[in-house]
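Trainee: I would like to go through the charged pairs in this model, and then one of its helices. Where should we begin?

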Amino acid sequence: MDFTLSDEQELLRDGLTKFLSTRYQLQSSRAAAKTGAGWQPEIWRAFADELGILGAALPERVGGIGGGPVEVMVIAEALGYALVVEPYVDTAVVAGGLLLRAGASELLQKLVAGDAIVALAAAEVQSGDHWQGVTTAARPDGDRWVLDGAKIVALNAPLATHLLVTATTPAGLSLFLIDRGGDTAGLTLRSFRTVDDRWAADIHLDGVRATLLGEEGAAWPSLAQARDEGAAAVCAEAVGNMRKVLADTVEYSKQRQQFGAPIGSFQALQHRMVDMHMELEQAVAAVYLAVLNLQAEPDQRARAVSAAKATVGRAARFIGQNAVQLHGGMGMTEELAIGHYFKRLTAVQYEFGSTDFHTARYAALTRA
């Protein structure tokens with residue numbers, strides 16, 4: 001396997017890193033998440049107009065740059081290092097892939113231009129991590145469809161201009177589009193802020209009119225691919241989070257004095273930070289494996305993604321907890337970045353399938 005980035009991918013990484021280091025401030029993003037709109041629309045506009053990253057993995061015919069999984073990995077890791085809360089993975093990666101495979105070119109062009117934010121509502125109380133256990137039902141009504149049911153923890157749904165909703169029809173599991181700028185009678189969102197300062201919503205659908213995307217009853221292969229693409233992207237984001245957490249912890253250990261010496265000079269703590277570094281390197285290797293298998297056949301893709309998600313989940317827990325412990329009480333305060341990163345690393349373990357879910361899926365896929 002070749003893990004070397006091309007010249008174009010390095011330029012993408014360097015340009016985005018420079019932009020985030022100079023124009024994305026942690027205090028501003030936390031303020032927007034806690035008391036403002038939940039995100040920074042001007043940053044999203046810059047992602048579209050100045051950087052073009054919203055279409056990095058989408059074809060040129062819809063305004064993208066024709067990249068693929070490696071470009072998404074590069075972008076997600078940089079966003080993770082800066083702890084960006086804007087919904088790149090949910091909109092540009094997950095929803096973007098679903099819309100592309102459904103042939104929704106017009107909405108894709110708006111997404112790439114930064115004019116549309118699309119969120120997926122797939123999880124239900126009964127289904128949990130298994131998106132196929134859907135009780136939300138759809139029935140035809142002229143040239144449209146009517147949806148009845150409920151979804152839980154739809155990430156970034158409060159920010160979205162459009163919602164992608166899974167529902168069952170007589171033909172099977174299908175995918176539907178709801179335009180929140182149109183007729184949304186019967187649509188209720190109960191919005192809340194997650195532990196990592198993102199916005200999500202529980203959604204109630206009572207006779208909501210929607211448009212069918214793709215072929216009726218044939219949504220699962222595309223949804224399964226979207227979940228794996230989202231899982232790989234948040235794993236790459238977590239790698240960025242962990243790189244920053246480890247770097248800050250090492251720097252803190254050089255400055256913090258105890259018994260007249262920096263705590264980084266104590267061998268026991270040095271060993272702890274080496275263990276954190278080893279967990280990070282294992283996570284990086286697992287992410288590479290997942291990214292390079294995203295376009296493989298479904299079982300091979302699923303095995304690689306589940307291996308990465310389980311490995312990253314373990315590493316995120318170990319690195320996050322040890323970073324907080326090495327910082328002492330300051331590690332959980334709002335003033336230090338480390339506490340915010342720890343919350344994100346905790347949440348990552350449950351997005352697009354929990355660590356336990358992916359461990360079990362990997363075992364099932366590798367069973368003789």
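Trainee: How many salt bridges does a search of the whole structure find?

Mentor: This is a predicted model, so the count is computed from predicted atoms. Side chains of opposite charge can pair when their charged atoms come close. A search of the whole structure gives a total of 21 salt bridges.

Trainee: Glu50 and Arg23 meet in a salt bridge. How many residues apart in sequence are the parts that the pair ties together?

Mentor: The closest approach, N to O, is 2.6 Å for Glu50 and Arg23. Glu50 sits in helix α3 (residues 41–51) and Arg23 in helix α1 (residues 7–23), so the bridge joins parts separated in sequence by 27 residues.

Trainee: Is Arg23 buried or exposed, or partly exposed?

Mentor: Buried requires under 20% relative accessible area and exposed requires over 50%. Arg23 has 42% relative accessibility, so the class is partly exposed.

Trainee: Which residue forms a salt bridge with Arg45?

Mentor: The closest N and O atoms of this pair are 2.9 Å apart. The pair links distant parts of the chain, 70 residues apart: Arg45 is in helix α3, and its partner is in the loop between α6 (105–112) and β1 (118–121). Arg45 itself is partly exposed, at 32% relative accessibility. The partner is Asp115.

Trainee: Arg101 and Glu229 also meet in a salt bridge. Which helix holds Glu229?

Mentor: The N to O distance for Arg101 and Glu229 is 3.5 Å. Arg101 lies in helix α5 (residues 88–102), and the pair ties together parts 128 residues apart in sequence. Glu229 lies in the helix spanning residues 220–255, which is α7.

Trainee: Is Glu229 buried or exposed?

Mentor: Its partner Arg101 is partly exposed, at 34% relative accessibility. Glu229 has 16% relative accessibility. The cut-off for buried is under 20%, so Glu229 counts as buried.

Trainee: Which residues are linked with Asp196 in a network of salt bridges?

Mentor: The network contains acidic and basic side chains. Besides Asp196, its members are Arg198, Glu237, Arg344 and Glu351.

Trainee: What length does helix α9 reach from its first C-alpha to its last?

Mentor: Helix α9 covers residues 298–327, which is 30 residues. At 1.5 Å a residue, 44 Å is expected. The model comes close to that, at 42 Å.

Trainee: Which residue follows α9?

Mentor: At the start of α9, a side-chain oxygen of Glu297 comes to within 3.1 Å of the backbone nitrogen of Asp299. After the helix comes a residue with positive phi, near 70°: Gly328.

Definitions and conventions:
Residues are numbered from 1 along each chain as its sequence is written. This is a predicted model: local features need pLDDT of at least 70, side-chain atom pairs count only at pLDDT 80 or more; totals for chains, interfaces and linings use all residues. Side-chain values use heavy atoms; hydrogens and water are left out. A salt bridge is a side-chain nitrogen of Lys or Arg within 4 Å of a carboxyl oxygen of Asp or Glu. Helices (H or I, at least four residues) and strands (E, at least two) are DSSP runs, numbered from the N terminus. Buried means under 20% relative accessible area, exposed over 50%, partly exposed in between (1.4 Å probe, protein chains only). The expected span of a helix is 1.5 Å times one less than its number of residues. A polar contact is a pair of N or O atoms within 3.5 Å; within protein, one must be able to donate a hydrogen and the other to accept it, and residues adjacent in sequence count only if both atoms are side-chain atoms.
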